[in-house]
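Here are my notes on the model you sent. Please read them with the structure open.

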Amino acid sequence: MDIKKLQDYQKHVRNFSIVAHIDHGKSTIADRILELTDTVSERQMKNQLLDDMPLERQRGITIKLNSVQVKYHAQDGEDYIFHLIDTPGHVDFSYEVSRSLAACEGALLVVDATQGVQAQTLANTYLALDDDLEILPVINKIDLPSADPDMCKDEIEEMIGLDATDAVEVSGKTGQGIPELLERIVKDVPAPSGDLTAPLKALIFDSKYDDYRGVVLAVRIEEGIVKPGDRIKIMNTGKEFEVTEVGVSSPHPVKKDMLVAGDVGYLTANIKSVRETRVGDTITSAQKPTAEPLPGYRQIPPMVYSGMYPVDNQKYDDLKEALQKLQLNDAALEFEPETSQALGFGFRCGFLGLLHMDVVQERLEQEFDMDLIMTAPSVDYHAIMNDGSTKLIDNPADLPDAGEYREVQEPYVKAEIMVPNDYVGPVMELCQRKRGEFITMDYLDKYRVNVKYNMPLAEIIFDFFDELKSSTKGYASLDYEITGYRATDLVKIDMLLNKEPIDALSFIAHRSEAQERARQMTSMLKKLIPRQNFEVDIQGAIGAKIISRATIKPYRKDVTWKIHTGDPDRRAKLLEKQKRGKKRMKAVGKVEVPQDAFMAVLKMNDEDIKGK
Ligand SMILES: Nc1nc2c(ncn2[C@@H]2O[C@H](COP(=O)(O)OP(=O)(O)OP(=O)(O)O)[C@@H](O)[C@H]2O)c(=O)[nH]1
C-alpha cells in the first residue's frame, strides 16, 4: 500500500458538522453545498435532501444526523473530500449532535441573521467546544430584509466568546456566500491526523438496520485502515466479524476499496443481531487490536417515560423486534417489558422529550407497520420508602399507597430562557405558574435577556414550550438541564371507569393542583371516550377518596338500529369506518377506550377545557 499517497489523501480530507438552533437553516445550507459541488444533479435535487426519512420530510425538521461525502475542487487547484454531517436542531435530539461532533474536526455554527444567537446555538457550541472542534461561525439568511449580520456578529462575540469578524455571511436560499464558505472550510477546518499505519481504531457514531445487509454501521476511522475481508472486533462486546463492504454516503451508498484514518463512511460485516453493537463502541482489528478503545459516548438518561402497547396483543413479539431494530438507529431510546392490567403486555419506553416520543411512535407505525396504544408520558419520580430505600417510579401506577413512603421526589431542571426585553413579564408569569423558582436575569445586550429558573421537569416537558412560544410571539428560546431531585408534595390520581381503576390512566400531580387536574382529566375523558351501549361512570380518586366524576350516557338504540339495518352500501361503509376507528381502541374491561384518552393528561390545558 502506498502510504505516501494515503497521507496526501488524508491532507485533503475535511470532516465537519453543521450545527445550529432549530430552523436556522442547516439543512438548506447542506443542500447548497451538495448542489455547488455537483454531488447531486439538478434533477435529483430536492429541498432538505439529507432529511431523507419520510417523517423528516413530513415535519420539515431534521431528526437524525446524516453524513455525506462531497468532492470539492478548490481555488488552490487541489481536490478535497468533505465529509459533512447535518444534525438536528431540536433539544430532544442533541444526543445526535454530540455523536456527529465526535466524528469531526470542525463545525459550521449557523446563526440566523434575523434571530441571532438562540438557546440551542449556545448549547450546540458548548458541545463542539467540548470536542475541541474548530468552530466556523456562519451567518445565514442574509437575503432577508430584516437580516442584521452585524448584530449577529456582536452576539457571537459577546455571548459565545468566538471571534466573529471573519464570520461567513451566506444565504442558504439564494446560494450567496456559499462559494466563500467552501473555501473557508478548506482553510479553517483542520485535516484529520490519525496514524494510517497503526492498528484499526474506528468509532461507531450511528447505525441502522437494513433488511438485506443486516446492521449498517456509520463509522469514523481514527487510525489505521479497514477493507472488505478484514476481521474486526467490537471492543466493547468482544464480538468478531468479517467486513463485507465499506463505502461512503454520497448521499447514496457508494462502495469503496477501503476506508482510511480520517474517513467517515459506512461498514457492513454480516452483523445480524441488534445486540452485538452499540453506538459509541470502538471497532478494531481482530488480529492486531489497538490498546485502548475510544472514549465513546456518555449515555444520557431519558427524560420522559411512556407505556407502549400493541393494539393487538398477539403483536407483542413484533413490537419487541421493532423496538430493538429502531434502537439501533436511535441510541437514546430505552425500553423494558411492562404489564398493565388495562392494556396487557407492552413496554415501558424512555425518551429524551415529547418530540422524541412522537417520533418513535410514528417511526414504529410508518417503518414497522405497528398499531400502538401509548400511555400518558411521565417523568421519573423517586419514592423514599419508610425503610429508607428509594423506589424509582417511571410509571405513575407504580407509586405505592400514601402510608408506605416518606416522601416523593421529582426531577428539577435549570431552565434558561432567552427572550426580548418586552416579553420578560409574560415569561416570568408563566414560570411562576409552572412552580418555577427565579434564579437570575442577565442582560445579553440592549434587546434581550436570559432568564433563569429552577423548575420541575414535569412542568417543562409537557406544554411549557408551546405556552412559552405563544406568550412571546415565538421570540423566546429555551434550554434546560437536569439539576437533581427534590421532595415536593405529590399525589397519585387514579382514574376509574365504572368503578374499576385503570392503571394506564393514573397520573401524578402536585397536591395543590390535584383537584383541578382530576376535574380536567375527567371532563377530557368524557369528551374522548365514545358512547357505549351502557352508561360509563368516570371518576378521579386520590386513594379511596373520589374527587371528580362524570357520566357518559349510553347511545340511543335507534343509532345501532340504523347501522344494522340501513341500506347495504351504507352499512358496509359504516362498518368499515367503525373498524378503522376501532384499530386504535382498546377494550378496558368492557369499555372501549381510544388512544387519545390515554394521552388526555397532555391535553388538559387545552383552551376548550379551561374554565369549564
Ligand atoms: N429566506 C431564507 N430562508 C432560509 C434560508 N435558509 C433556510 N431558510 C428557510 O428556513 C427554514 C428552516 O431551514 P432548514 O434548513 O430546514 O433549517 P434547519 O436548521 O435544518 O432545521 P432543523 O434541522 O429542523 O433544526 C426553511 O423554511 C428554509 O427554507 C435563507 O438563507 N434565506
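Where is D23 found?

1. **D23.** Keep in mind that this is a predicted model. D23 sits in the loop that links β1 (13-20) to α2 (26-36). Is D23 buried or exposed? Neither term fits fully: D23 is partly exposed, because 17 other C-beta atoms lie within 10 Å, and the buried class starts at 20.

2. **The annotated site.** D23 belongs to a "binding site" annotation in UniProt, taken from an unreviewed entry. The annotation also covers H24, G25, K26, S27 and T28. Further along the chain it takes in N140, K141, I142 and D143. Annotations of this kind may be inferred rather than shown by experiment.

3. **I142.** This residue of the annotated set lies in the loop between β5 (134-140) and α6 (149-160). I142 counts as buried because 20 other C-beta atoms fall within 10 Å. Which residues does I142 touch, leaving aside those up to four places away in sequence? They are A113, A147, P149, E169, V170, S171, Q176 and G177.

4. **The sheet around β1 and β5.** Both strands belong to an open sheet of 6 strands. The order is β2-β3-β1-β4-β5-β6, and the pairing is mixed. Which strands stand at the edges? They are β2 (66-73) and β6 (168-169); each has a single partner strand, so one side of each has no neighbour in the sheet.

5. **β1 and β4.** β1 runs parallel to β4 (residues 106-112), and 5 bridges join the two. One register point to check: I18 has L108 as its bridge partner in β4. As background, strands of a sheet pair through backbone hydrogen bonds, either parallel or antiparallel.

6. **Helix α7.** α7 (residues 178-188) lies across β1, β2, β3 (79-86), β4, β5 and β6. Its angle to β5 is about 170°. α7 also meets α2: the two axes come within 10 Å and cross at roughly 85°. That makes the two helices roughly perpendicular, because the angle falls within the 65 to 115 degree range. R32, I33 and L36 of α2 make the contact with I178, P179 and L182 of α7.

7. **Helices α10 and α12.** Now look further along the chain. The axes of α10 (residues 424-433) and α12 (residues 464-471) come within 9 Å and cross at roughly 155°. The pair is therefore roughly antiparallel, and the crossing is right-handed. On the α10 side the contact uses P426, V427 and L430. On the α12 side it uses E467, L468 and S471.

8. **Strand β27.** How many residues of β27 (residues 490-497) are buried? The count is 7 of the 8, so the strand is largely enclosed by the rest of the structure. β27 pairs in the antiparallel sense with β29 (residues 507-510) over 4 bridges, and K492 stands opposite I508 there. β27 also pairs with β30 (residues 536-542), again antiparallel and over 4 bridges. In that pairing, D494 has A541 as its bridge partner.

9. **The β27-β28 hairpin.** β28 (residues 500-501) pairs antiparallel with β27 over 2 bridges. L497 is bridged to E500. The two strands form a hairpin with 2 residues between them. N498 is in the turn and has a positive phi of about 45°.

Terms used:
Residues numbered from 1 in each chain as written. Predicted model: local features only at pLDDT ≥ 70, side-chain atom pairs only at ≥ 80, totals over all residues. Buried ≥ 20, exposed ≤ 12 C-beta atoms within 10 Å, placed from the backbone. Contact = placed C-beta atoms within 7 Å. Pairing = 2+ DSSP bridges. Axes fitted to C-alpha atoms, helices over the stretch in contact; angles between N-to-C directions. Parallel < 35°, antiparallel > 145°, perpendicular 65-115°, else oblique. Left-handed = near helix turned anticlockwise from the far one by under 90°.
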